[in-house]
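Reader: I should like to learn how to read the features of this structure. Could the teaching proceed from the general idea to the particular case?

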Amino acid sequence: MAVITFSDALNQAIKEEMRSDETVFIMGESIRGGIYGVTGGLSQEFGDRVIDTPLSECGFMGAAVGAAAVGMRPIVQSLASFAWVAMDQLVSQAAKMRYMFGGQVDLPIVYRWSLLYGNNSAAHHTDRHYPMFMNMPGLKIVIPTTPADAKGLLKTAIRTNDPVMFFEDNSLAGTRGEVPDGDHAVPFGVADVKREGSDVTVVALAGMVRRALSAAETLEEEGISVEVVDPRTIVPLDKETILKSVEKTGRLVVADPAHKSCSVASEISAMVAQEGFWTLQAPIQRVASLDCHFPFSPALEKLVFPNEEKIADAARAAVAA
Amino acid sequence: MADATGDKELYMRMLRRMMTIRRFDETVKDLVQSAELVGMAHVYIGEEAVAVGACAALRDDDYITGNHRSHGHPIAKGGDVRRAMAELLGKSTGFCKGKGGSMHLADFSIGILGESGIVASALPVAVGAALASKMQGNDRVVIPFFGDGASNQGACHEAMNLAAIWKLPVIFLCENNQYAVTTHFSESVAVENISDRSVAYNMPGVMVDGQDVVAMYEAVREAVARARAGEGPSLIEARTYRFEDHSEGLNRIIRDPYRTDEELEYWMQRDPIKLHEKTLIEQGIATQEEVDQVGAEVAVAIEEALQFARDSPYPEPEDLLTDMYADMIPIS
């Protein structure tokens with residue numbers, strides 16, 4: 001088992017899948033140069049299957065749909081915020097096409113989105129919009145948080161016959177971890193318990209998993225045992241693992257870097273309130289970004305999104321209730 | 001390239017397809033009137049020569065995409081009118097098992113990659129299919145059909161630029177029926193002709209009489225030959241006219257008359273089916289009896305299609321969630 005970075009794990013997954021399936025190709029803006037730190041060097045091996053596009057997100061994200069509809073398996077890379085420019089193609093075409101046409105066509109597309117926050121990029125480059133896509137049936141939504149999951153989930157995403165929204169939290173890009181050798185694929189719809197505990201369950205998403213694990217270390221010293229659950233895919237969502245954990249601990253905190261209203265934290269909270277209500281011993285706590293845009297100033301930005309302290313405070317509140 | 005002038009088999013096939021579309025959409029109008037057809041319906045009456053001439057220049061394995069006004073395109077491409085009618089009535093035997101309806105006909109088995117109700121939204125998709133043709137090393141071409149209104153969408157311009165820089169086999173076919181609902185294109189297009197926009201994308205742009213099915217066929221055939229030869233995309237503007245309002249029932253809402261009687265009359269005189277019939281007879285390609293015979297056969301075929309649709313079952317409640325995903329997941 002090799003220790004590699006999150007970005008290198010993604011690179012490996014893309015390379016391996018492109019080697020084994022010649023219908024896989026990748027396109028995006030300045031990806032041959034590897035602007036997102038993942039795809040650099042791919043064009044040397046794969047040539048024309050690595051395509052630099054013009055700044056036309058609506059055009060090339062829609063082109064991915066057409067290519068997939070006739071037998072290709074496109075991977076599209078972009079910054080999460082640029083999805084806004086392509087929303088019609090993502091929603092009206094990628095998400096709806098299969099159903100609307102009565103299942104005549106499979107659309108094996110992976111849209112890879114780089115999520116930025118906490119690095120002073122200001123409001124236009126700081127979007128964590130996976131909950132919006134969770135509200136749009138037809139898309140599968142993946143949020144890996146370790147190098148092993150990044151590789152294993154991306155390989156599954158590329159092999160899946162449906163459009164996948166694959167969110168890569170930029171705060172994890174340089175993090176390192178062990179990645180199993182060989183053909184390592186992680187199934188969708190299977191949450192991972194990243195840390196076992198007995199007093200409170202923290203379901204954490206994206207970069208909040210690492211922060212929840214640090215919070216758990218701190219809380220352990222205070223005598224609070226935290227279980228950290230990483231859903232890994234939010235569509236499909238592994239409800240069973242979350243409900244089982246809450247049944248054990250009786251307390252739930254959901255940590256999500258998305259804006260709080262209608263976040264994945266909201267959805268998971270509602271699901272547990274409805275399906276696991278009698279196992280709860282305390283009110284559910286949502287820890288998410290404030291419903292406020294991300295300001296540029298370093299003095300202000302850090303106040304918007306959740307951190308280790310906010311997660312720890314929520315866990316303490318849940319345990320004290 | 002062989003001269004198509006007077007090719008009887010081709011000319012009669014185009015007549016039959018135009019008549020089929022006309023009869024189909026006349027039936028749609030009746031079904032809307034009697035409330036048997038629910039939802040929105042946009043008929044193609046008056047514009048038949050565009051789709052028929054264009055699709056006559058395609059092979060079965062070439063691709064097309066359409067828009068909200070697209071009952072005609074699948075019929076022109078050789079789609080089964082029975083399944084088209086069944087789809088419009090929301091029946092399980094329809095192209096899309098009743099899940100798409102009037103604005104979303106598709107038959108991937110013969111290259112009909114589907115229709116988008118969002119104007120211009122299918123153009124990037126068409127470009128993607130063409131990109132696949134190039135990557136897969138086949139010579140299939142793609143025709144996205146779109147209107148004058150769609151030519152003002154960003155998606156249209158991004159699609160044209162992508163096709164041009166990548167030299168993709170796309171024939172952008174703008175059906176300029178002159179009105180985006182009630183707004184004349186001269187109020188919304190900054191150039192005189194939509195075909196002029198090709199200059200910005202370094203591709204040939206031609207204007208064709210969209211009422212003349214033979215002219216359409218010839219123009220598209222030339223663009224298809226270029227595309228197959230790897231010489232890249234073209235833009236064809238078919239100047240045509242929508243004989244009916246934007247959608248069925250809209251005449252009850254629209255209060256400001258946006259077209260003059262004279263204009264309507266002028267274009268009705270240029271009915272593409274009547275013009276083609278005249279060509280057939282004047283050039284001695286077919287007799288009036290042969291033309292009438294096609295009309296009679298088409299009427300029977302559409303009646304049969306309607307009967308097929310009426311006799312077909314609706315989808316069952318258990319069909320609701322199928323087709324959401326290829327690799328199914330729980331749906332709550």
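Author: Let us begin with pairing: two strands pair if DSSP finds at least two bridges between them. The model before us is predicted. In chain B, I171(B) stands opposite S234(B) in β8(B), and six bridges join β4(B) to β8(B), which run parallel.

Reader: Which strand lies on the other side, joined to β8(B) by five bridges?

Author: That strand is β7(B), which runs parallel to β8(B). There, M207(B) stands opposite E237(B) in β8(B). From β7(B) the chain passes through helix α7 (residues 213-228) of chain B to β8(B), a β-α-β crossover that is right-handed.

Reader: In what order do the strands of this open sheet of chain B stand?

Author: The order of the six strands is β2-β1-β3-β4-β8-β7 (chain B), and the pairing is parallel. At the edges are β2 and β7 (205-209) of chain B, each of which pairs on one side only. From one strand to the next, the twist averages 20 degrees. Within this order, strand β3 (residues 142-147) of chain B pairs with strand β4 (residues 171-176) of chain B in the parallel sense over three bridges. The bridge partner of F146(B) in β4(B) is C174(B).

Reader: How many residues of strand β8 of chain B are buried?

Author: A residue is read as buried if 20 or more other C-beta atoms lie within 10 Å of its own. By that reading, six of the six residues of strand β8 (residues 234-239) of chain B are buried, so the strand is largely enclosed by the rest of the structure. S234(B), I236(B) and A238(B) point one way from β8(B), while L235(B), E237(B) and R239(B) point the other way, and all are buried.

Reader: Which residues are buried in helix α2 of chain B?

Author: The general idea for a helix concerns direction: with 3.6 residues a turn, residues three or four places apart in an α-helix point the same way. In α2(B), the buried residues are E48(B), A49(B), V50(B), A51(B), V52(B), G53(B), A54(B), C55(B) and A56(B). Nine of the nine residues of helix α2 (residues 48-56) of chain B are thus buried, so this helix is largely enclosed by the rest of the structure.

Reader: What can be said of chain B as a whole, in helices and strands?

Author: Chain B has 10 helices and eight strands. Its radius of gyration is 19 Å, close to the 20 Å that the globule rule gives for 332 residues, so chain B is as compact as a globular protein of that length. The C-alpha trace of chain B spans about 55 × 50 × 45 Å along its principal axes. Of its 332 residues, 53% count as buried. Among contacts in chain B between residues at least 6 apart in sequence, 75% join residues at least 24 apart.

Reader: How many residues does each chain give to the contact between chain A and chain B?

Author: Chain B gives 38 residues and chain A gives 37 residues. On the side of chain B that touches chain A, the elements giving two or more residues are β2 (112-115), α5 (122-136) and α6 (154-165) of chain B. The largest share of that side, 10 residues, comes from α5(B). By class, the same side of chain B has 23 nonpolar, 10 polar and five charged residues.

Reader: Turning to chain A, which strands stand at the edges of its five-strand sheet, and why is one side of each left without a neighbour?

Author: The open sheet has the order β9-β11-β10-β13-β14 (chain A), with mixed pairing. β9 (192-195) and β14 (285-289) of chain A stand at the edges, each with a single partner strand, so one side of each has no neighbour in the sheet. The twist in this sheet averages 25 degrees from one strand to the next. Helix α10 (residues 264-275) of chain A packs on the sheet and touches β10, β13 (252-259) and β14 of chain A.

Reader: Is strand β10 of chain A mostly covered or mostly uncovered?

Author: β10(A) is mostly covered, for five of its five residues are buried. V200(A), V202(A) and A204(A) point one way from β10(A), and T201(A) and V203(A) the other way. Four bridges join strand β10 (residues 200-204) of chain A to strand β11 (residues 226-230) of chain A, and the two run parallel. In β11(A), V228(A) is the bridge partner of V202(A).

Technical notes
Residues are numbered from 1 along each chain as its sequence is written. Chains are lettered from A and ligands numbered from 1 in the order in which they are written. This is a predicted model: local features need pLDDT of at least 70, side-chain atom pairs count only at pLDDT 80 or more; totals for chains, interfaces and linings use all residues. Axes are lines fitted to C-alpha atoms, for helices over the stretch in contact, and angles run from 0 to 180 degrees between N-to-C directions. Two residues are in contact if their C-beta atoms, placed from the backbone, lie within 7 Å. Ala, Val, Leu, Ile, Met, Phe, Trp, Tyr, Cys and Pro count as nonpolar, Asp, Glu, Lys and Arg as charged, and the others, Gly among them, as polar. The radius of gyration is taken over C-alpha atoms; the globule rule is 2.2 Å times the number of residues to the power 0.38. A residue is buried if 20 or more other C-beta atoms lie within 10 Å of its own, exposed if 12 or fewer, and partly exposed in between; C-beta atoms are placed from the backbone. A crossover is right-handed if, with the strands pointing away from the viewer, the path from the first strand over the helix to the second runs clockwise.
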